[in-house]
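Open the model in your viewer and keep the selection panel at hand. We will go from enclosed spaces to the ligand.

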Amino acid sequence: MKIEKVCNKVFYALFFIAITTFVSCSSDDNTTSFSAVPPVAQDASEIDFTSFRASWSNVFLASGYELDVSTDPNFGSFLQGYESLAVNQLFQSVTGLSLNTEYYYRVRAIVNGVTSENSNTISVETNEEFPDDITLKSATEGNFFVGVAVSEARTNIAAYDEVYTREFSSITAENDMKMESIFTGIDGSGNIIFDWSRIDGLIDYAEANNLNVHGHTLIWHRSIPQALEDFTGTDQEFEDLIQQYINAVFTRYQGKINSWDVVNEAIDDDAGTQWRNTLFLQRMGDNYVEKCFAFARAADPNVKLFYNDYNMTFDGIKRGKVLDMVDDLLASDLIDGVGYQMHIDYNFPSREQIQEATDELVAKDVIVHFAELDVKLNAANDLTDLTDERAEAQRQKVREVVEIFNAIPQNKKYAITVWGLKDDDTWLIPENNGRPEWPLLFDESFEKKPAYLGFLEGL
Ligand code: G3I
């Protein structure tokens, strides 16, 4: 009994000492408050290119901890998701970081509902460079396709071939699979004359290099063969030609082209109207989009059918019209996916706009393609040379786009496709009468730009 009493006394003495080491009391104005002793933050471990592991010491009786991470040693701002992050263990992986960047973290303990002061601050620098064996393709494998717009001619140039096959898992023809490239005339019996040479070349290239092919695009008002413009037959004969065209393409490439943009940019930019006024609309009627999707579905039910359009991330009215059309097509099981063309600027649209537009699409029963990604740096024509600052801003925008895409539920992610390989090949330079522009992931020497790193950082 005596021994038991002594033990109890010793226990209570130890308990008292312990309590006083993690709580201090103050009793001004007759109230008693406790403040928990902060944990000791420990050096970061498992430091990588875009992540590290923060850890800290145990605080007796703590029910949890709060972690802050910042690029500012004074914590004037916080990394998104890491302001007072609640953690129930003594470590936390901090992810989604930039490489070669200094971060700071500190932690607080919560004891009996009371939050301690901040711990000491630990600084940690992420690794400087991605290792050479990480590529866009390897970093996205099993997650989604990373595609590039190519031309058949460039697949025969060694420097392009090297980067196409090293970095990408999917290709889209920038121009070679458009109607104007394939449908070269109509013969005396009313049959289409086809030129399969470039599309065949691309399919052979894809097969040889194990690349997915996303077809672009069957029906587009900016790629109408002269023979169709000049066609003097009836509307029904015009429609039959369109069906013949879709059938021929799908039959020839059965099992080789997994997905197609069936109709491109059919919705009008004018808020007042639904359909863009095109030759297809005039010849086939208001339901021509549905007809084209039905022709495609009937030609090969295994091909994934996409609708593709621009300004989707910031023009809510146009997006609403597109999504209504998608609902109609879904009701007849005629569509599988939607491409948001990502022709954007380094400072527009905002992350929030892109997120909102993506959320609205993800709510539909379709798979998502961030198509035609390029990020303009010089829309205001205020640069004659690319600056480091603008290149870094582009890196952040690319990273945002990839982060938003990567967060889409796995079964809805199809691909992100970059609209061209290197800066001096971009369509934007001729489109804007030679205005300097650097919208892509590789520079004119095929070297990776900061935007390339932004892509990897977004994963
Ligand atoms: O092939 C001829 C060449 O022989 C000739 O010397 C040269 C002279 O200008 O023109 C060449 O053709 C050009 C072709 O690009 C290849 O460079 C066409 O004139 C030109 O109109 C064509 O532009 C393409 C444009 O679509 C129109 O088809 C761009 O490369 C291509 O990037 C662009 O892509 C579109 C998407 O398909 C749909 N979304 C918008 C996007 C940008 O406009």
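The stops below cover the cavities and then the ligand site of this predicted model.

**Stop 1: the largest cavity.** A search of the whole structure turns up two cavities of 30 Å³ or more. Begin with the largest, at about 40 Å³. Select Ala149, Val150, Ser151, Arg154, Tyr160, Tyr164, Glu174, Gly420, Leu421 and Asp425, which line this cavity. Now colour strand E11 (145-150) and helix H4 (158-167); each gives at least two residues to the lining. Colour by class next: five lining residues are nonpolar, two polar and three charged.

**Stop 2: the second largest cavity.** Its space is about 30 Å³. Select Thr172, His214, His216, Asp261, Asn308, His369, Ala371, Glu372, Thr417 and Trp419 for the lining. Which strand supplies the largest share of this lining? Highlight strand E20 (residues 367-376): three lining residues come from there. The class split here is two nonpolar, six polar and two charged.

**Stop 3: the ligand.** Keep His216 and Glu372 selected; both line the second largest cavity, and both are among the residues that come nearest to the ligand. Add Glu174, Lys178 and Glu265 to complete that nearest group, out of 13 residues around the ligand. Glu174 also belongs to the lining of the largest cavity. The whole shell has three nonpolar, five polar and five charged residues.

**Stop 4: polar contacts.** Show side chains and check distances to ligand oxygen atoms. From lysine 178, a side-chain N or O atom lies 2.7 Å from one. Histidine 216 also places a side-chain N or O atom 2.7 Å from a ligand oxygen. For asparagine 175, the distance from a polar side-chain atom is 2.9 Å. Finish with the ligand surface: alone the ligand exposes 780 Å², and the protein buries 47% of that.

How values were computed: Residues are numbered from 1 along each chain as its sequence is written. This is a predicted model: local features need pLDDT of at least 70, side-chain atom pairs count only at pLDDT 80 or more; totals for chains, interfaces and linings use all residues. Side-chain values use heavy atoms; hydrogens and water are left out. On a 1 Å grid over the protein atoms alone, a cavity is a set of points where a 1.4 Å probe fits but cannot get out, and a pocket is an open set with protein on both sides within 12 Å along at least five of seven lines; lining residues have an atom within 4 Å of a point. Grid points are joined across faces, edges and corners, and a volume is the space filled by probe spheres set on the points. Helices (H or I, at least four residues) and strands (E, at least two) are DSSP runs, numbered from the N terminus. Ala, Val, Leu, Ile, Met, Phe, Trp, Tyr, Cys and Pro count as nonpolar, Asp, Glu, Lys and Arg as charged, and the others, Gly among them, as polar. A residue is near a molecule or strand if one of its heavy atoms lies within 4 Å of it. A polar contact is a pair of N or O atoms within 3.5 Å; within protein, one must be able to donate a hydrogen and the other to accept it, and residues adjacent in sequence count only if both atoms are side-chain atoms. Accessible areas come from the Shrake-Rupley method with a 1.4 Å probe; for residues, only the protein chains shown count as cover.
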